[in-house]
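Here's a friendly walk through a protein model for anyone meeting it for the first time. Have a look at the picture, then read on.

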Amino acid sequence: YAEDGYRLWLRYDKLQDEAKLKNYRQAITEVVFEGNAPTLVIAQKELVNGLSGLLGQEVPAAQRLTQAGAVVAGTPANSALIKSLGLADKLQQVGDEGYLLLSADVSGKRGTVIAANTDVGVLYGTFHLLRLIQTQQDISNLAVTSMPKIQRRVLNHWDNLDRTVERGYAGFSLWDWHKLPDYIDQRYLDYARANASIGINGTVLTNVNANALVLTKEYLVKVKALADAFRPYGLKVYLTARFSAPIEIGGLKTADPLDPQVQAWWKQKTDEVYTYIPDFGGYLVKADSEGQPGPHNYKRTQAEGANMLADAVAPHGGIVMWRAFVYSEHTPDDRHKQAYNEFKPLDGKFRDNVLVQVKNGAIDFQPREPFHPLFGAMPKTPLMMEFQITQEYLGQSTNLAYLAPLYKEVLESDTYARGKGSTVAKVIDGTLDNHKLTAIAGVSNIGTDRNWTGHQFAQSNWYTFGRLAWDHRISSEKIADEWVKMTFTNNNSFVAPVKKMMLNSHEAIVNYMTPLGLHHLMGWSHHYGPGPWIKDKPRADWTSVYYHQADEKGIGFDRTKTGSNAVAQYHQPVQKVFGSLKRVPEKYLLWFHHVPWDYKTDSGRILWDELAYRYSGGVDSVRQMQQTWDSVEGMIDEGRFNHVKTFLSIQEKEAKWWRDACLLYFQTFSKRPIPQGLEEPA
Ligand code: GCW
């Protein structure tokens, strides 16, 4: 049958490079695990299968070391061999989830060591070693020390109990509630394994637009079955908590967080959750936003709401991830400013086990946003990042968008909260303000599609999220390199052009959808395709005209002193830079400024012309991507090649659709011609 992408990046086909193959075969002869806990059994199986496949010859599991070339894996507690290596000092540095990968003499024989303090550390090290071989790295002198920079690396599934997935474009929810708890679909294990391979250690099973029913006994037994299946892979389960659950499933009259009965209900409910899932991670909450209930209903603060739940999970070691995505049509202020205004005054008011979960930008997962001003604004509160992996505003499942450059741009942004070098990454990895509790979330793009993510290349964003959550310093280029080699081939005639295509793909989308800092021009509600003309909806902040503000004079949202003054929410000198028409990076120009059509941009062209060039350039980039892809035909399997080829032709159509719709619409204001040499919009 045709290759369909089910195996993701975990492909262990025999290596093609004969010289390297020979080296690996010499270096690796057997796999030695002395322990036999469930996680170790998984790691051992992965190594035996992986190595046997890659090396094209059986690499057997052995109980004892019998020859040179052994891969010896374990912890000092479960492996006498590992203990004998005297790694205590080095292991001390890697914590609960880290590991060492070493080339070493074990009992006088040259071998490879995977050592960790915990079984899950061994599993992570196992995947690292396999990755090195999949990407044909030299393993003869390994001296790797690796540990995650962020403690909780969590997927957020916006999965409903009826198996639809909000903003999901890859089929239905993986969780087959109907057949749970008795039937454990192999896919759950494959899912957990894929997450473990990139260090993801948590999963929120349910939508933030939450259904209280998941907290009833009927569902909790099912959640327990999933948690049991995931546990050996180091994957912890979390749930969303609907704020009004005490009313909906508890029979109470109120959900007021200061009401003792409500507090008692949550405590009891939470105790019950922990009887099923002793290592339950905690709750994720969306409150007072887009129709969700919350503390506002009772004139309470976000902190009062969060703390009530925090007190309920605290005795069990749980946490609360409380979302900052709070905005309302009743607040007469730029939506950009609302979360900051609401949360900043609450800094220091949250319990220790609460994280505030902040989207990367202040509006909503746009193709490009400047970093959210809350980063750097709440030093006393651990802030966690929420990235969107699913491509709600990025062409959904048919557009090829490699998102590492987007994530990196935000992580590397400097908040200047404690002077130069106070990057967003340092806020969320806890180093800037000395937080122990750290986390990062990615809104999942996974569903029941055979290839998991709809677009073959969307797999790379799941991969990227895990890799960056583990270590945000890894470059976009390196992540793409790993992923392409693991997922497709090591053939450099394929790797080099495809990597380049990936690295340019995000900017291409920004150009044909929302160049120069434009945002939220998507079709109303579904957010698919262009809709810059959207107005007259029940809420102004759900229209497009609210965001682009185009008129006869110009275009863009004035967020400087003469406008909403959202720039004041950033530290200096960021505030000055964003607020200055001269100094603002052009990619954020119309995000912060209302700019005349004849304003001279960096290229020397007037704004209108530059806009037309950007939109057209975006379409050209997609055509370039098509050419690149056509040029690699025959280097990989037909199944996936054809899938991507077809999707690229859809993307080309959509890019044109965007370009034409936006230019023709904005032209009604600019009243200027399309610059000569550019394709006329149709
Ligand atoms: O991006 C918007 C989406 C909603 C989503 C909301 C949120 C889950 O359009 O579908 O709801 O953000 O993040 O809460």
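Let's start with one residue, R351. Is it buried or exposed? R351 counts as partly exposed, because 16 other C-beta atoms lie within 10 Å, and a residue would need 20 or more to be buried, or 12 or fewer to be exposed. Keep in mind that this is a predicted model.

Where does R351 sit? You'll find R351 in the loop between helix 11 (335-343) and strand 12 (354-359). Leaving out neighbours within four places in sequence, R351 is in contact with N307, A310 and D311. Another residue to look at from here is I319: R351 and I319 are 32 residues apart in sequence, and their C-alpha atoms are 9.6 Å apart in space.

**The domains**

Now zoom out. The chain is split into domain 1 (18-146), domain 2 (152-487) and domain 3 (512-557 + 594-670). Between the centres of domain 1 and domain 2, taken over C-alpha atoms, there are 33 Å. How do these two meet? Ten residues of domain 1 are in contact with nine residues of domain 2. On the domain 1 side, helix 2 (38-55) and helix 5 each supply at least two of the touching residues. Helix 5 gives the largest share of that side, with six residues. By class, the domain 1 side divides into six nonpolar residues, three polar and one charged.

Helix 5 is also the place of V120. V120 counts as buried because it has 24 C-beta neighbours inside 10 Å, and 20 or more is what it takes. Beyond residues up to four places away in sequence, V120 touches T39, E97 and G234. For a sense of distance along the chain, V120 and K436 are 316 residues apart in sequence and 20 Å apart in space, C-alpha to C-alpha.

UniProt has its own labels for parts of this chain. Here are two of them, both from an unreviewed entry, next to what the model looks like over those residues.

| UniProt domain (unreviewed entry) | Residues | Helix | Strand | Distance between end C-alpha atoms |
|---|---|---|---|---|
| Alpha glucuronidase N-terminal | 8-129 | 40% | 22% | 17 Å |
| Glycosyl hydrolase family 67 C-terminal | 453-678 | 52% | 2% | 35 Å |

**The ligand and the core**

What's around the ligand? It is surrounded by W158, E166, R167, V208, N209, K286, E290, F325, D364, F365 and E392. Sorted by class, this shell has four nonpolar residues, one polar residue and six charged ones.

The largest nonpolar core has 213 residues. Which of them touch the most other members? Those are A115, V223, L309, V320, L374 and L383. Take L309 as an example: setting aside neighbours within four places in sequence, L309 is in contact with A241, W266, Y283, V285 and V320. V320, then, turns up both in that list of contacts and among the core residues that touch the most other members.

**Some backbone oddities**

A bit of background first: most residues other than glycine have a negative phi, and most peptide bonds are trans. This chain has some spots that go the other way.

Two of them are cis peptide bonds. One joins L180 and P181, with omega about 5 degrees. P181 lies in the loop between strand 7 (152-156) and helix 6 (186-197). Another cis peptide bond joins Q572 and P573, where omega is about 0 degrees. P573 is in the loop between strand 15 (554-555) and helix 18 (574-579).

Then there's phi. Q136 isn't a glycine, yet its phi is positive, near 60 degrees. Q136 is found in the loop between helix 5 (119-134) and strand 6 (143-146). With 17 other C-beta atoms within 10 Å, Q136 is partly exposed.

S525 is another non-glycine with a positive phi, this time about 75 degrees. S525 lies in the loop between helix 16 (492-513) and helix 17 (545-548). So is S525 buried or exposed? S525 is exposed, because just 10 other C-beta atoms lie within 10 Å, and 12 or fewer is the cut-off.

How values were computed:
Residues are numbered from 1 along each chain as its sequence is written. This is a predicted model: local features need pLDDT of at least 70, side-chain atom pairs count only at pLDDT 80 or more; totals for chains, interfaces and linings use all residues. A residue is near a molecule or strand if its C-beta atom, placed from the backbone, lies within 6 Å of it. Ala, Val, Leu, Ile, Met, Phe, Trp, Tyr, Cys and Pro count as nonpolar, Asp, Glu, Lys and Arg as charged, and the others, Gly among them, as polar. A nonpolar core is a set of buried Ala, Val, Leu, Ile, Met, Phe, Trp, Tyr and Cys residues joined through C-beta atoms within 7 Å. Two residues are in contact if their C-beta atoms, placed from the backbone, lie within 7 Å. UniProt positions are given in the numbering used here, feature names are shortened, and annotations may be inferred rather than shown by experiment. Helices (H or I, at least four residues) and strands (E, at least two) are DSSP runs, numbered from the N terminus. Domain bounds come from an automatic or database domain assignment.
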